[in-house]
Amino acid sequence: MSPKPPRLRTVLAVAGGAVLARRALRRRIQASPLWPLPALDEPVSGRPRSRALRLLVTARETVAEGVVRLRLEGHALPRWEPGAHLDLVLPSGLVRQYSLCGDPADDSSYTVATRLIEDGRGGSREVHAQLAEGTAVEVRGPRNRFPLTAADSYVFVAGGIGITPLLPMLRALGEHTPWRLLYGGRSRASMPFLAELAELDPDGTRVTVAAEDEHGRPDLDALLTGLPAGTAVYCCGPEGLMAAVAERLPEGTALHLERFAPRAAAGGNHAFEVELRRSGRTVTVPADTTVLAAVRTALPDTAYSCEQGFCGTCRQRVLEGEVDHRDELLTDAERDDSVLICVSRARGEHLVLDM
């Protein structure tokens, strides 16, 4: 067998060296603490905004009538601050949002609580029926659109399960920080975390429990009248409660709201048309129908999940038209060219989407 020409030997040597170099680089990358690189937000229609985690339900406890608390364990979990929430991806594929109510310093588990809503859209029923101890569940987040900001003093108003995002806030406040909490519910038996609140207020001077079957509706006027300037007011609960707090808010105070239902339109809805540019279709969106529902009549495979404007699954790119944004997820910059079609609508008569 004749020896290889010098030029061929050189080419083979260079090629072999390149292969070895690539293999060495691959091993070095995989050994790096930055491997794999964290997922980036993808401004692409229908893509989730954060990488999912797979956690295990290790504890399930009934903490009030119709309310269960779940402990979800993992390893080296992303840190969070009071007010943050998780997206739970349920076994059916539904996505629901639940406030974190455990200890932010615990990086081995997340704690959430959910109330069973019999006439709801099915998410709470699935949590109560299927998320038993030993069940694996996918979560996304945490995300925080309800952060605890610095203030001279604080007033908290919770309605029912709305106490969950406020609990970590109360624990985080210093001993000498002035704060008060008004916690309302149908009955004491239906109100979770009363024991934890009693521990936070051993003198009974900061927490007022207003059970409707005992005292009627909470006295918001007594709570909010005469608040000093610089007070931060935090409220989470039914839409009617949050609206009532907003109506009574004194000047010089800042209101922070947490809602898990679509923002209501001040002037009602109107019908409009949506052009789906890539598919060459145009659909009419009646006043009593969402853009998502109308679009799915033409494109039934359109991705969606929460239908509340929180998870981002139905996000679409806007090519033309002005949007009436009603979601609780997109940033101001993202709203320049995106829309969550499960809740948001057109301000005018026509909207063009990149679908």
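In the predicted model, five strands are arranged as an open sheet of mixed pairing, in the order E13-E12-E18-E14-E16. The edges of this sheet are occupied by E13 and strand E16 (338-340), each of which has a single partner strand, so that one side of each is left without a neighbour in the sheet. On average, and with direction ignored, neighbouring strands of the sheet are turned by 40 degrees against each other. At the E16 edge, strand E14 (residues 315-320) runs antiparallel to E16 and is joined to it by three bridges, and Arg-315 has Leu-340 in E16 as its bridge partner.

Helix H8 packs on this sheet, where it touches E12, E13 and E18, and the direction of H8 makes about 140 degrees with that of E13. Within helix H8 (residues 291-298), the buried residues are Val-291, Leu-292, Ala-294, Val-295 and Ala-298. Viewed down the helix axis, these buried residues of H8 fall within an arc of 165 degrees, and they therefore line one face of the helix. The partners against which the buried residues of H8 pack are strand E12 (272-276), strand E13 (281-285), strand E17 (345-346) and strand E18 (350-353).

With regard to the cysteines, the structure holds zero disulfides. Cys-235 is in no disulfide, the nearest cysteine sulfur being that of Cys-236 at 7.2 Å, whereas the cut-off for a disulfide is a pair of cysteine sulfur atoms within 2.5 Å. Cys-235 has a relative accessible area of 0% and is therefore buried. Cys-101 likewise counts as buried, because its relative accessibility is 4%, and the limit for this class is under 20%.

Note on methods
Residues numbered from 1 in each chain as written. Predicted model: local features only at pLDDT ≥ 70, side-chain atom pairs only at ≥ 80, totals over all residues. Heavy atoms only, no water. Buried < 20%, exposed > 50% of the residue type's maximum accessible area, 1.4 Å probe, protein only. Helix = DSSP H or I, 4+ residues; strand = E, 2+ residues; numbered from the N terminus. Arc of directions from axis to C-beta. Contact = heavy atoms within 4.5 Å. Pairing = 2+ DSSP bridges. Axes fitted to C-alpha atoms, helices over the stretch in contact; angles between N-to-C directions.
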